[in-house]
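Colleague: Could you take me through this one and say what stands behind each label? I would like values set against their cut-offs.

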Amino acid sequence: LEVISSSPNPQTRLHEDCTAVTVSKESQEELGNKDSTAELNGSGKIPNRDSGIDSPSCSVAGETFPSEEGAEQKKPSMAGNPGEMEPDRKGTKPSSMEQKRDSTQDDDKPQKLFNIANELLHTEEAYVKRLHLLDQIFCTKLSEAGISPDVITGIFSNISSIYCFHGQFLLPELKTRITQEWSVNPRLGDILQKLAPFLKMYGEYVKNFDRAMDIVNTCMQRSSPFKDVVQNIQKQEVCGNLTLQHHMLEPVQRIPRYELLLKDYLKKLPEESPDRKDAEKSLELISTAANHSNAAIRKMEKMHKLLEVYERLGGEEDIVNPANELIKEGHIQKLSAKNGTAQDRYLFLFNSMVLYCVPKLRLIGQKFSVREKMDIAGLQVQEIAKQNVAHTFSITGKKRSLELQARTEEEKREWINVSTKHK
């Protein structure tokens, strides 16, 4: 994550509170092995989970009032005292209902801003508890059990630095501001702007997340001491019946949550508020970091899809490549050139090739065998007309031509369109 801040103050303050926060490899040696950078060479899938933020809803929509033409006719029903509304159409004197509505909305805004600030504080407290669980319980217990420092570093990356920053710096500032100072200084932007310089720590964690998931899965299968420690912790109430992997997701998703809360905060912040400038600057910096985080999540999801296909093909095809992308897959019927009979087949369309496969009737292990690999470059995909056979098209490569039948006309069009688009 590349986030630039013009203010050096957070760095100074942070080093006073917690000298462990750092992102460079040289400084990480002072933190111990578990904060060293690990390179990304694996894959992991981020489940689609609830963000955990139930931000207050948008401002209540104003009541619908009648048009000017209809106002005179409905005056008695709108105001108990007709004198409260002038009969002329210029609206020189607002109705008591309009005054009440405007006053209510103005009164609601400070409360809604406080609700958002309180939501930020509560989610931050829960987040720090999650970080404590990862760093002080999982990581510590695994170290005490004699698990290799390299394994621990590969799993937890720089979680100690992240935990230190949030637990000793950001959370205390939020707590002081929201619980003690809010009545005289109702602001969030100035504090959150200090967060921006440290978002680079999340870049290291997110980049390592694929590899971390792979290491956890491997160790759970092959290391009894590792498995015993993890399962014992997962049984504790502090874990909430969730797995280690589930808790490890939290840092990856935390930055987008700040973005959601800040957007909601700015919607309800008056234009003239002294906090608007800081809040807008904070959102700009955090949104940039969130985009990087979301891009990393999408990349991990794509790699996980490739790994799934790799396993379904029995591990025989070299498809797990960052440049490779699965576009479409699905069942298809292959029409025999001899007698026109239909045979069950399966297609995997990638941005670089098409895999023409035969399904295997197996419950586990390999599910497809590849009959033909066709490069996308030079591939010809076109509609064909077959007598008494609907939804047909052909795929012609350098070595072979296939006549195929889709289940529906819409499915046929989709195969033709996506194949042509990615040629």
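Colleague: How many aromatic pairs are there, and what makes two rings a pair?

Modeller: The count is 9 aromatic pairs, where rings of Phe, Tyr and Trp (its six-membered ring) pair if their centres lie within 6.5 Å. This is a predicted model, with pLDDT of at least 70 needed for local features and 80 or more for side-chain atom pairs, while totals for chains, interfaces and linings use all residues. Residues are numbered from 1 along each chain as its sequence is written, and side-chain values use heavy atoms, leaving out hydrogens and water.

Colleague: Why is the pair F165 and F169 called what it is: stacked, tilted or edge-to-face?

Modeller: The ring centres of F165 and F169 are 5.2 Å apart and their planes lie at 40°, so the pair is tilted; stacked needs planes under 30 degrees apart and edge-to-face over 60. Both residues sit in helix α7 (residues 159–181), 4 residues apart, about one turn of the helix. A helix here is a DSSP run (H or I, at least four residues), numbered from the N terminus.

Colleague: Why is α6 called oblique to α9?

Modeller: Helix α6 (residues 149–156) and helix α9 (residues 200–222) pack at about 130°, with axes 6 Å apart. That angle makes α6 oblique to α9, since under 35 degrees is roughly parallel, over 145 roughly antiparallel, 65 to 115 roughly perpendicular and the rest oblique. The contact (heavy atoms within 4.5 Å) involves, among others, V151, I155 and F156 of α6 and Y205, R211 and I215 of α9. By class, the α6 and α9 contact has 8 nonpolar, 3 polar and 1 charged residues.

Colleague: And what makes α9 and α10 a separate case, by angle?

Modeller: The axes of α9 and helix α10 (residues 224–234) come within 6 Å and cross at roughly 110°. That makes α9 roughly perpendicular to α10. V216, C219, M220 and R222 of α9 meet S224, F226, K227, V230 and Q231 of α10.

Colleague: How do you know what kind of residues line the largest cavity?

Modeller: Its lining is I116, L120, L188, L192, Y258, L261, L262 and Y265. Ala, Val, Leu, Ile, Met, Phe, Trp, Tyr, Cys and Pro count as nonpolar, and by class the lining has 8 nonpolar, no polar and no charged residues. α11 gives the most to this lining, with 4 residues.

Definitions and conventions
Axes are lines fitted to C-alpha atoms, for helices over the stretch in contact, and angles run from 0 to 180 degrees between N-to-C directions. Helices (H or I, at least four residues) and strands (E, at least two) are DSSP runs, numbered from the N terminus. On a 1 Å grid over the protein atoms alone, a cavity is a set of points where a 1.4 Å probe fits but cannot get out, and a pocket is an open set with protein on both sides within 12 Å along at least five of seven lines; lining residues have an atom within 4 Å of a point.
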